[in-house]
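Here are my notes for you to read alongside the structure. Have it open and follow the chains as you go.

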Amino acid sequence: MSDSDHTHETAPVTRFKAPTRLDYTVTAAAVTADFLRHILEQRLVGRRCPVCAKVYLPPRGVCPTCAVRCHEQVEAGHAGTIDTFSVVRIPFEGQVLEPPYVCARILIDGTDAPLLHIVGEIAPEEVTLGMRVEAVWDDRPLPTLARVRYFRPEGGTP
Amino acid sequence: MRRVHVQGVGRLPPAVRNVPSYATGPAWDEPQWSVAGPDGPELLTPAALDEAEMVQAVTAAALADAGLSRDDVGFICSGSNDYHQGRPFSFVMALDGVGCWPPKRESHVEMDGAFALYEAWVRLQHGDVDVALVYAYGRSSLGPTDEVLSLQLDPYFLAPLGPPPIALAGLQAQALVDAGLATEADFAAVVARAWRAAADDLYTSVSAELVEDRMLLHPAVASPLRAHDQASFADGAAAVVLVAEGAGPAIEGIAHCIDPMDFGTRDLTTSRSARLAHAAAGGGIPEVAELHLRFSPEALILRDALGLEEALVDPTGGTLPSDVPMVSGLTRVIAATEHVRGGAGRALAHCTAGPCLQQNLVTLLVAP
Amino acid sequence: MIPTAVIGIGQTRHAAKRPDVSMPGLVREAALRALEDAGLTFADIDAVVLGKAPDMFEGVVQPELFLAEALGAVGKPMFRVHTAGSVGGSTAVVAAHHVSSGVHKRVLTVAYEKQSESNAMWALSQPFPFLPPVSAGAGGYFAPVIRAYIDRAKAPDHIGWQVAVKDRQHGALNPCAHLQLPDITLEQVKASPLLWDPIRYLETCPSSDGAVAMVLSSDASTCRNPAWVLGTSVRSEPLLFAGRDEVNPRAGQLCGADCYAEAGVTPDQLDCAELYVPFSWYEPMWLENLGLFESGWRAVDAGHTKLGGRLPINPSGGVMCSNPIGASGMLRFAEAARQVRGTADAHQVDGARLAMGHAYGGGSQFFAAWIVGSTRP
């Protein structure tokens, strides 16, 4: 009871804190588990839809437009093109990265839909639409997309 | 009113991930789901599929059962609750499973899939579409289902106290006992019968023998209820195709109703909302009923409220052995559909939400 | 289908915090005003349709259950819709269909949000295992889409500032609007900090507490100025797929087209529209998406979307002035209905007879809209 106080018994309680905690065990389905295994090996492996032939990275268990399961695995490149981006300058609770940082949709070579990731090693105002970027791998064996620490301008910082 | 038919059904049967401690009998294998793959059916564990794959499996099966394709569908409606998966906007990713492209007329309820079916039925009455696809999915195994359900309670007065669902159901059970309407042995009999029936049901992954006279030796969890009086949570998904003109079992009536949440303002020995929903659905007396039970005493309350004295109740075992939050109500409609397909003249499907049978939906299905 | 009309509308004063009411108190405030406007009581209502999303904002699971009493739903059907940000609009459509289908005669529909009892940025940016921690709330999601629009349309920067000023000038005429910034200038917007480049602070919507309610009925005999529901649509597409155009989503185009077709009108016949614009740039984007103007930004630049212009957009001030998220979509629908009823007071568009209400949600993928008119179909 943050705003109520036993010394002010006559004051009405207008608000109180009721913290809630729910614990979940998140499981990676088989398609995601495959992807994470590959990313540990510093490989980006997507999946192709058997109907429309589009390649998704991260892979999708089901093609979102054709509603069929995707089994064929496709090795994607480690570089791509910035489709669009924004510069996050606002701090907020639970934020992991220090603002400002560039959040971009990157079309990885050999895939057909953009991946959301960070662009680093470049001043935010230098980033442009259509810029070529490449993955910078994290040394730590993280089984997540954070295994790619960020993307940077292809060939290093200009 | 347009006559609406259940033209096709599909489901991933409830998969109980954690075998309840009171269950005896042969050890269970991890449940597996049969999913259509490029080279025929594949057997996969529930953990191997994501939500979109679950939805793909059941909607594809329902459309195949109906003899229709995605292009025939005029309206899609689904039911799910992100809290069960612990992932905000889980329902957005699940939409991938139905292939909502080109863009479809589509809606979502944070209610059981049976309520999504209700919305689809209303939409078919509106008259601009003739085929509706309804689906629901639930993954209780990922999260603390009891705690999620406790967050349904009034956030100012009740939720901070955190009573688990069985504590509230215990109030209802005790009210029945106090009124001389039921005994603990009656509750045990409901559970034993459900598990016996489930062992024979094609779509239930559970099998256990519960010996009725030994069940009462177990300690009470929330007196007078024991652990076995509560449904076992499971993962699953289900889909139904509704058509305005068709040959499948017809919806004779469908209606829902709600009671106050507050336990102090209603008679817990009965369910006014279930009775009103049944009456609004036409009040037909069914030959067979499939109930959505979270706790065994609810069977006794619903038997009275829904006029089931003569009916065969839960021949599939119902939801006590395996309850999939957000899906069980829609699965009841599927079970009732199969009873009508199998020759029953009228079947009732029930769905409930909220503590102590607060909200109830009744669907009456008849031969076409 | 049975002709359906809005015969009562009520909303709360929208504010950053409404500590004077609980959630039941908030929804009841809107519901009672709608009933009073309709000259009815809860006893006259056949069913209640509630819109709210997402639950995680206030930490109540399936809140329709505990709100049943506050909304007079006991002993009646209580239905709950959830389609992310479009929920208020989708809920109004579902409620209208409850009447047009002949299932019910009078339906109360309500939508709300009490953002002050939670942290929306936190709820929208939950880190998820396997994914990089890049999410940054709704602005972080939509800013790249806005950049793509600006690039594609070759729109000048000041368009976003103009909408930000225009909507606040409109909102100053609406006593229910949360933000009251009657003297806001382009220079102020331009000088406000960049939050998610290219979005500036004053180009974003606030976080509000608020609720809105409508009474829909097939019987408008007791109402001297019903708003008739002439066309409705809900359309969706997947979040992310190859070749998706998120700047001009096809689901949004079809949603508008469905409404025009069902209402039997063309976009140029509309007298005004209430569009879901949480960031100023979404006004020109939706103008194009809904076929209201060929070039959205040129229409803004020419002043066509101001009160007194060719097609006033968001005369109420819109989402840019009040954003109780779960209710924001229904507010658009209700404000459109107020216009054709002639009850929009100081932000009334003179002689409005046809108006559109619109909402979107998810990653610009869920769309809901309706067209209301002053003449019975």
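How many salt bridges are there between chain A and chain B? Keep that in mind; one reminder before the points is that this is a predicted model.

1. The count between chain A and chain B comes to three salt bridges. One to look up pairs Asp96(B) with Arg60(A), where the closest N and O atoms are 2.6 Å apart. On the side of chain A that touches chain B you'll find 13 nonpolar, six polar and four charged residues.

2. Now the wider picture of that contact: chain A puts in 23 residues and chain B puts in 34. About 2000 Å² gets buried between them, with carbon and sulfur atoms giving 58%. Look for Leu22(A), Tyr24(A) and Arg69(A), since they supply 30% of the area that chain A buries against chain B, more than any other three residues. There are also eight residue pairs in polar contact here, both at pLDDT 80 or more.

3. Next, move to chain B and chain C. This contact takes 55 residues from chain B and 57 from chain C. The pair buries about 4900 Å², 64% of it on carbon and sulfur atoms. In chain B, Tyr83(B), Glu110(B) and His126(B) lose the most area to chain C, together 14% of what that side buries.

4. What about charges here? Two salt bridges cross the interface of chain B and chain C, and in one, the side chains of Asp258(C) and Arg105(B) meet at 3.2 Å, N to O. Helix 4 of chain B gives the largest share of the side that touches chain C, eight residues. That side of chain B divides into 31 nonpolar, eleven polar and 13 charged residues.

Conventions:
Residues numbered from 1 in each chain as written. Chains lettered and ligands numbered in written order. Predicted model: local features only at pLDDT ≥ 70, side-chain atom pairs only at ≥ 80, totals over all residues. Heavy atoms only, no water. Contact = heavy atoms within 4.5 Å. Buried area = accessible area lost by both parts, 1.4 Å probe. Salt bridge = Lys/Arg side-chain N within 4 Å of Asp/Glu carboxyl O. Helix = DSSP H or I, 4+ residues; strand = E, 2+ residues; numbered from the N terminus. Nonpolar A, V, L, I, M, F, W, Y, C, P; charged D, E, K, R; others polar. Polar contact = N/O pair within 3.5 Å; in protein donor to acceptor, adjacent residues only side chain to side chain.
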